[in-house]
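Got your viewer open? Let's take a walk through this model, one selection at a time.

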2 protein chains.
Amino acid sequence: MAQRATLNSVAEAASVSRQTVSNVINSPELVSPETRERVLEAIDRLGYRPHTAARQLRTTRSQIIGMRIAPVGNGVSGVVLDQFLHSLTATAEEYDHRIMLFTAADDEAETRAYADLIASVGVDGFVLTHTHHDDLRTRWLKERELPFVTFGRPWGDEQAHGWVDVDGARGTRLATEHLVRQGHRRIAFVGWPAGSETGDDRRAGWEAGLAAAGLADRPQIPVFDGVEGGRSAAARLLDEPAAPTAFVCASDSLALGVVGELRERGLRLGADASVIGFDDTPTAAVLGLSSVAQPIAEVAAECVRQLRATLRGTAGPEPVSTLLAPRLVLRTT
Amino acid sequence: MAQRATLNSVAEAASVSRQTVSNVINSPELVSPETRERVLEAIDRLGYRPHTAARQLRTTRSQIIGMRIAPVGNGVSGVVLDQFLHSLTATAEEYDHRIMLFTAADDEAETRAYADLIASVGVDGFVLTHTHHDDLRTRWLKERELPFVTFGRPWGDEQAHGWVDVDGARGTRLATEHLVRQGHRRIAFVGWPAGSETGDDRRAGWEAGLAAAGLADRPQIPVFDGVEGGRSAAARLLDEPAAPTAFVCASDSLALGVVGELRERGLRLGADASVIGFDDTPTAAVLGLSSVAQPIAEVAAECVRQLRATLRGTAGPEPVSTLLAPRLVLRTT
DNA sequence: GTCCCCGATTGGATCGATCAAACCGGGTTC
DNA sequence: GAACCCGGTTTGATCGATCCAATCGGGGAC
């Protein structure tokens, strides 16, 4: 290839001015059909593609969305992030945007990274994940009126902002209801200690499921996440007089621990006891464990759509919030 | 904040010209110490950050590295990509570069994406993963003399290019040697049918390990990846007269299948038989399965370093290739 | 003292796009 | 007949950086 095709070279080739070519691209309705046709032909012939840096310099829009990539998905997670990033990127591309990654050690560092990316790259907006109570980041962004969406509800008393989340309570409730339909009456919940937003939400769904079936509340053994936690909780629950026959878990890690303990005791999954995990990790899939699946791809796509609406100014004054329903993936029967 | 700080506003604040400020940033040795000090102070006071789009427009360097994100890591994989992306991003940041994601359905679409990103965003180079025999993408990039590095060796007869890879054979050899030291004499390999580059590589390490220990080759049951494959291969191997007491596997999925079959037969992991997987997936970690771990973060960091050397022109004419050693992660004893 | 050289600094042009204003021919309006 | 409008188009200025050539003030050589 000889030289980069520019607005000017296209203009020359089509015997019109720069601006007309620009109009063909950005405001086609301003250009007469014949001229437009001629210009499009030239664009095609020269293989012209607008230069985003030049465009950004003039418009102050970079068409770039920033997304932090966390140090490493601890535990069984995995794939969740892959799926999220892929869907995010794919949806962004549909709207002619790009995803740029950045790292940050903690929330405070993340706000510094925002400042950096805004000033140097001119990023248009951000997608945040793992929102939590009293989130420094959302406050920082709101204060500066920078566009962003979060995957996760604003849990504390933060000011309103656009968000997308998965209805965890709905997921555990689905799981509980399924177990009830299977005939279980003693259904336990294995989850984290009260105080974690996501954890409390998931517990609430189980409680609601029990209540709706007319079943009494059951004792709980709150444990921290991890296989060992699940195992020890299951052990103690199974030692009680009226031992549970089914377990709804706040995570797949916990569920795996429960499964391990059941096996230890010679109880067979499906036949003697049922376990349902949360997140539908590959580990669950591989081991044939039922789990509540979050519609990750949908979440990411919705994040991009919301952000785009904000960026285009078509978003209305009230921030949009979207709560998506999870889906129960049944494996053992 | 009132207005964006620019080279001009900094120059004014420090009572020097634009160019001097630019020199302070890009060629500090050209500026006298006192002037430099004064300019740095002004930069700091105004919170100035160079505008990458403007810089790119002039220099034709975007400081952006493109990386395709694949549809979804099927199987147990997971986390591998997360870790890779994180390390890639973190290392890129050290060198003042950024990672931009893009999607592509297949190799051919990927080359089209390259063209697009080069023309519109002005991406400086690419990091490719999952190289394979007769790779369309590397050929395309070489033809146009575009900078790139691959995670994965050029398996076919492609022209030379920079790459980073993990020595799979070394990993399975390490695993085999470990099992030999444990006293095992009948060590089987569970892997994919011949013809997959990665698979053949891993098998070779096992063969070498056996040979070095003076052990004879053993029959193999090639199977496709997946838990079921592992299970059926193990079943057939265990039915043979001189059944193996240890299994080296080409993936964690296969290893999980083997473990399942062993359990089915009442054989206890560690005590009665040993299994070593490959990739050290979270699933392996959670289940206490030993596995060969790839130094993913190292690979990514090395990719960035190589690419940077190429971009700066400090790379010498011969493309660099780096083969990193995997590490054996022992869990069951 | 004059001339040249050299390190430090400056000013103008430029990258490729968009914005804002002007232009142009022809038809309306008053 | 002058003023105005109007769709379609052109021209000049601009975004914020770097490149390149020019300038400036001393110090050294002759």
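What follows is a short tour of a predicted model.

**Stop 1: the two protein chains.** Start by colouring chain A and chain B separately. A turn of 180° with a shift of 0.1 Å along the axis lays chain A on chain B, with an RMSD of 0.2 Å. That's how a two-fold axis relates copies. Now look at where they meet: 100% of the interface residues of chain A are interface residues in chain B too, so the copies meet through the same surface.

**Stop 2: DNA strand D.** Select the 26 residues that surround DNA strand D; the closest are S17(A), T6(B), L7(B), S22(B) and A54(B). Next, highlight α2 (18–26) and α4 (52–59) in chain A and in chain B, the elements that give two or more residues to this surface. Colour the surface by class and you'll get 9 nonpolar, 11 polar and 6 charged residues.

**Stop 3: DNA strand C.** Here 25 residues are around the strand, and T6(A), L7(A), S22(A), A54(A) and T35(B) come nearest. From each chain, A and B, α2 and α4 each supply at least two residues of the surface. By class there are 9 nonpolar, 11 polar and 5 charged residues.

**Stop 4: the cores.** Which residues touch the most other members of the largest nonpolar core? Pick L88, V127 and C303 in both chain A and chain B, out of 70 residues in that core. A second, separate core has 69 residues, including A273(A), I187(B), A233(B) and A246(B).

To finish, zoom in on V127(B): beyond its neighbours within four places in sequence, V127(B) is in contact with I65(B), M67(B), L88(B), V149(B), F151(B), C303(B) and L307(B).

Notes: Residues numbered from 1 in each chain as written. Chains lettered and ligands numbered in written order. Predicted model: local features only at pLDDT ≥ 70, side-chain atom pairs only at ≥ 80, totals over all residues. Least-squares fit on C-alpha atoms with pLDDT ≥ 70 in both. Contact = placed C-beta atoms within 7 Å. Near = placed C-beta within 6 Å. Helix = DSSP H or I, 4+ residues; strand = E, 2+ residues; numbered from the N terminus. Nonpolar A, V, L, I, M, F, W, Y, C, P; charged D, E, K, R; others polar. Core = buried A, V, L, I, M, F, W, Y, C linked by C-beta atoms within 7 Å. Buried ≥ 20, exposed ≤ 12 C-beta atoms within 10 Å, placed from the backbone.
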